[in-house]
Amino acid sequence: RTVYVNGEYLPETEATVSIFDRGFLMADGVYEVTSVLDGKLIDFEGHAARLERSLNELDMAAACTKDELLEIHRELVARNGIVEGMVYLQITRGSDGDRDFVFPDPETTKPTIVLFTQNKPGLADNPAAKKGAKIISIEDIRWGRRDIKTVQLLYPSMGKMMAKKAGADDAWLVEDGYVTEGTSNNAYFVKNGKIVTRPLSTDILHGITRKAVLRMAAEAQMEVEERLFTIDEAKEADEAFTTSASAFVMPVVEIDGVALGDGTPGPIAKRLREIYLDESLKAAI
Ligand code: PMP
């Protein structure tokens with residue numbers, strides 16, 4: 001694979017980053033994952049806008065312009081022959097060659113920017129989406145700025161491991177009795193035709209897919225309500241699903257061992273997945 005590091009395209013075995021990099025030492029960095037379908041980028045604009053917001057919230061400098069970012073994404077997709085897959089982008093605060101809690105001087109410390117691709121044939125026609133996901137609920141003990149897409153992913157990673165151990169596919173996080181989101185996705189349930197999801201705040205990541213799917217649901221005359229909900233409400237739902245840039249709309253068929261509806265992907269989740277894939281592909285660049 002060819003990867004991109006700080007202005008250079010290199011074979012992955014030759015790409016290096018300092019051991020003092022604050023991304024490595026302190027998880028002081030942000031990232032984005034953009035899907036590739038048909039060799040084209042899905043919702044690049046949305047990811048670029050959120051990246052800019054994440055950087056601003058952390059007082060981090062932009063490593064390059066949006067146009068340069070698009071060019072790097074396209075170049076990596078082309079060089080690595082990605083038809084279906086992902087482009088991963090990470091920007092960290094870099095380092096001044098020492099370890100200190102205080103941010104290094106932005107005048108003299110350049111951010112570190114890394115991009116690489118992942119080849120994922122069968123991303124759109126994913127068999128997991130036909131089966132639907134089994135979810136467990138776990139306590140949300142993450143920090144309070146989940147709207148910033150930082151590389152601090154240890155707890156989400158532990159959550160996935162807890163799910164795997166329990167024979168499930170993923171976990172939904174619960175705080176003060178209410179579902180926040182999934183380990184790496186936004187969470188929804190459907191009851192009597194109405195889609196319910198948690199409103200945007202600093203408690204959850206402002207999903208790029210969430211925004212697109214809620215717009216498409218409204219356009220398809222589906223009813224949507226943004227409000228807090230409990231895991232018990234979700235367990236009593238007719239269906240449920242998650243959204244993310246890498247899994248699109250993923251039906252949920254079981255929560256904490258309780259099957260939803262007839263235990264197969266629900267009609268609204270299936271329809272939204274179809275609409276999302278269809279429209280995103282048309283708008284891909
Ligand atoms: N919430 C969390 C915690 C996530 O990690 C992700 C995936 N990055 C999402 C939601 C979904 O966001 P998006 O649709 O932008 O991928």
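**Exercise 1. Find which residue stands opposite glutamate 175, and describe the hairpin around that pair.**

Glutamate 175 faces tyrosine 178 of strand 9. Keep in mind that this is a predicted model, where local features need pLDDT of at least 70, side-chain atom pairs count only at pLDDT 80 or more, and totals for chains, interfaces and linings use all residues. Numbering starts from 1 along each chain as its sequence is written.

Step 1: get the strands. Helices (H or I, at least four residues) and strands (E, at least two) are DSSP runs, numbered from the N terminus. Strand 8 covers residues 170-175, and strand 8 and strand 9 pair in the antiparallel sense over three bridges. Pairing here takes at least two DSSP bridges between two strands.

Step 2: look at burial. A residue is buried with 20 or more other C-beta atoms within 10 Å of its own, exposed with 12 or fewer, and partly exposed in between, the C-beta atoms being placed from the backbone. Strand 9 (residues 178-182) is mostly covered, with four of its five residues buried.

Step 3: check the turn. Two residues lie between the strands of this hairpin, and aspartate 176 takes a positive phi near 50 degrees there.

**Exercise 2. Is aspartate 176 buried or exposed? And where does glutamine 221 sit?**

Step 1: aspartate 176 belongs to the loop between strand 8 and strand 9. Its phi is positive although the residue is something other than glycine.

Step 2: count its neighbours. Aspartate 176 is exposed, because 9 other C-beta atoms lie within 10 Å.

Step 3: now glutamine 221. You'll find it in the loop between helix 6 and strand 12 (223-226). Glutamine 221 isn't a glycine either, yet its phi is positive, about 60 degrees.

Step 4: glutamine 221 has 6 other C-beta atoms within 10 Å, so it counts as exposed.

**Exercise 3. Work out which residues surround the ligand and which elements supply them.**

Step 1: list the shell. Around the ligand are Glu181, Ser184, Asn185, Asn186, Leu205, Gly207, Ile208, Thr209, Arg210, Thr243, Ser244 and Ala245. To be near the ligand, a residue needs its C-beta atom, placed from the backbone, within 6 Å of it.

Step 2: assign elements. Helix 6 (208-219) and strand 13 (239-244) are the ones that give two or more residues to this shell. Helix 6 has the largest share, with three residues.

Step 3: sort by class. The shell has three nonpolar, seven polar and two charged residues. Ala, Val, Leu, Ile, Met, Phe, Trp, Tyr, Cys and Pro count as nonpolar, Asp, Glu, Lys and Arg as charged, and the others, Gly among them, as polar.

**Exercise 4. Describe how domain 1 and domain 2 meet.**

Step 1: set the bounds. Domain 1 is 2-119 and domain 2 is 127-283, bounds that come from an automatic or database domain assignment. Their C-alpha centres lie 26 Å apart.

Step 2: count contacts, meaning C-beta atoms, placed from the backbone, within 7 Å. On that basis 21 residues of domain 1 are in contact with 13 residues of domain 2.

Step 3: see what domain 1 offers. Strand 3 (29-37), helix 2 (44-57) and strand 5 (85-92) each supply at least two residues of the side that touches domain 2, and strand 3 gives the most, eight residues. That side divides into eight nonpolar, eight polar and five charged residues.

**Exercise 5. Place leucine 51 relative to the strands of domain 1.**

Step 1: start with the sheet. Six strands make an open sheet in the order 2-1-6-5-3-4, with antiparallel pairing. Strand 2 (8-11) and strand 4 (40-41) are the edge strands, each pairing on one side only.

Step 2: zoom in. Strand 3 and strand 5 share eight bridges in the antiparallel sense, and valine 30 has isoleucine 91 in strand 5 as its bridge partner.

Step 3: add the helix. Leucine 51 lies in helix 2. It counts as buried because it has 21 C-beta neighbours inside 10 Å.

Step 4: connect the two. Not counting residues up to four places away in sequence, leucine 51 touches Val30 and Glu32. The C-alpha atoms of leucine 51 and valine 30 are 7.5 Å apart, though 21 residues separate them along the chain.

How values were computed: Two residues are in contact if their C-beta atoms, placed from the backbone, lie within 7 Å.
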